[in-house]
Structure formats: structure tokens, C-alpha cells
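Biologist: Let us go through this model one question at a time. Please keep the answers short and end each on what was asked.

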Amino acid sequence: MNTFGLIIGIATLFIIGLGFPLVIRGERCFGYLWWPYMMGIGFIIIGISMFLPVDWLSVVIGVLGATFVWGSTELKEQAVRAEVGWFPYNANKIKPPFEAVIKKWKAPHL
């Protein structure tokens with residue numbers, strides 16, 4: 001019996017489940033303007049996963065990178081949810097480097 005798929009499925013579910021609090025807490029502390037950095041980290045992690053020789057580790061690291069990329073697209077929506085009052089709003093957020101440049105870019109949306 002091969003349990004590889006079951007174990008990868010459970011690990012994927014766990015990693016994606018950790019992505020939700022990452023987005024909620026990340027937007028509350030940092031704000032949605034950090035999305036390019038989060039997306040860049042995700043793509044770097046995905047790139048690292050392509051060079052790992054162990055299959056299960058490569059899959060888990062790839063899912064982690066994809067979760068970061070997905071989270072970067074959710075930061076703007078989370079900011080809207082916080083402004084509406086669905087989540088706590090923090091006015092004292094940490095500003096990202098190159099904030100003026102990032103504000104000119106359109107935040108990604110899936």
C-alpha cells in the first residue's frame with residue numbers, strides 16, 4: 001500500500017491551513033503593501049523546491065511556496081475585510097521599503 005499521496009495531502013492541507021492566519025496576521029501587522037515581498041519569497045521557495053532531490057520534501061516545500069504566492073494575492077482583500085470591520089484593524093502598520101513605488105502598482109488578485 002502506497003501512502004505517499006495521503007501523507008502529501010495531509011501536509012498540503014496543514015500548510016494551506018497555516019496560510020490563512022499568515023495572511024490575517026501579516027496584514028494586521030504589516031499591511032497589504034508588503035505583497036511583492038511575500039510573492040517574491042513564495043517564488044524563491046518554489047524555485048528551491050525544484051532542485052530538491054527528495055520527492056516528498058520537494059512537494060511540501062513547493063506547496064509552502066505556492067501558499068506564500070496565494071497569500072500575497074489575498075493581502076489586499078484582507079485589508080478590505082479589516083476596514084469593513086470583519087477583522088481587527090491596526091493603523092500603526094510597519095511600512096515596507098519602496099512604499100511609494102509599490103503604491104503605484106496594482107495589487108494582484110486571483
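Biologist: By class, how many nonpolar, polar and charged residues does the lining of the second largest pocket have?

Modeller: The model is a predicted one. In it, the second largest pocket is lined by L22, G26, F30, G31, W34, Y37, M38, I41, F68 and L75. Gly counts as polar, and G26 and G31 are in that list. The classes of this lining are therefore eight nonpolar, two polar and no charged residues.

Biologist: Which helix gives the largest share of the lining of the second largest pocket?

Modeller: This pocket holds about 180 Å³ of space. At least two lining residues come from each of α1, α2 and α3. The largest share is three residues, and the helix that supplies them is α2.

Biologist: What length does helix α2 reach from its first C-alpha to its last?

Modeller: Helix α2 covers residues 35-49, which makes 15 residues. The expected span is 1.5 Å times one less than the number of residues, and for α2 that comes to 21 Å. The model is close to this expected value, with a reach of 21 Å.

Biologist: Against which helices do the buried residues of α2 pack?

Modeller: Buried here means under 20% relative accessible area. The residues of α2 in that class are W35, P36, M38, M39, G42, I45 and S49. They pack against α1 (4-29), α3 (55-84) and α4 (99-104).

Biologist: Which element supplies the largest share of the largest nonpolar core?

Modeller: In soluble globular proteins, nonpolar side chains tend to be buried together. The largest nonpolar core here has ten residues: V23, L33, W35, M38, M39, I45, F68, L75, I102 and A107. At least two of them come from each of α2 and α3. The largest share, four residues, comes from α2.

Biologist: Which residues does A107 touch, not counting those up to four places away in sequence?

Modeller: A107 belongs to the largest nonpolar core, as does W35. Touching means heavy atoms within 4.5 Å. With sequence neighbours up to four places away left out, A107 touches W35 and K76.

Biologist: Which residues are closest to the centre of the largest pocket?

Modeller: The largest pocket holds about 220 Å³ of space. Its lining has 16 residues, divided into eight nonpolar, two polar and six charged. The elements that give two or more residues to this lining are α3 and α4. Closest to the centre are G31, Y32, Y89, K93 and K95.

Note on methods: Residues are numbered from 1 along each chain as its sequence is written. This is a predicted model: local features need pLDDT of at least 70, side-chain atom pairs count only at pLDDT 80 or more; totals for chains, interfaces and linings use all residues. Side-chain values use heavy atoms; hydrogens and water are left out. Buried means under 20% relative accessible area, exposed over 50%, partly exposed in between (1.4 Å probe, protein chains only). A nonpolar core is a set of buried Ala, Val, Leu, Ile, Met, Phe, Trp, Tyr and Cys residues joined through side-chain atoms within 4.5 Å. On a 1 Å grid over the protein atoms alone, a cavity is a set of points where a 1.4 Å probe fits but cannot get out, and a pocket is an open set with protein on both sides within 12 Å along at least five of seven lines; lining residues have an atom within 4 Å of a point. Grid points are joined across faces, edges and corners, and a volume is the space filled by probe spheres set on the points.
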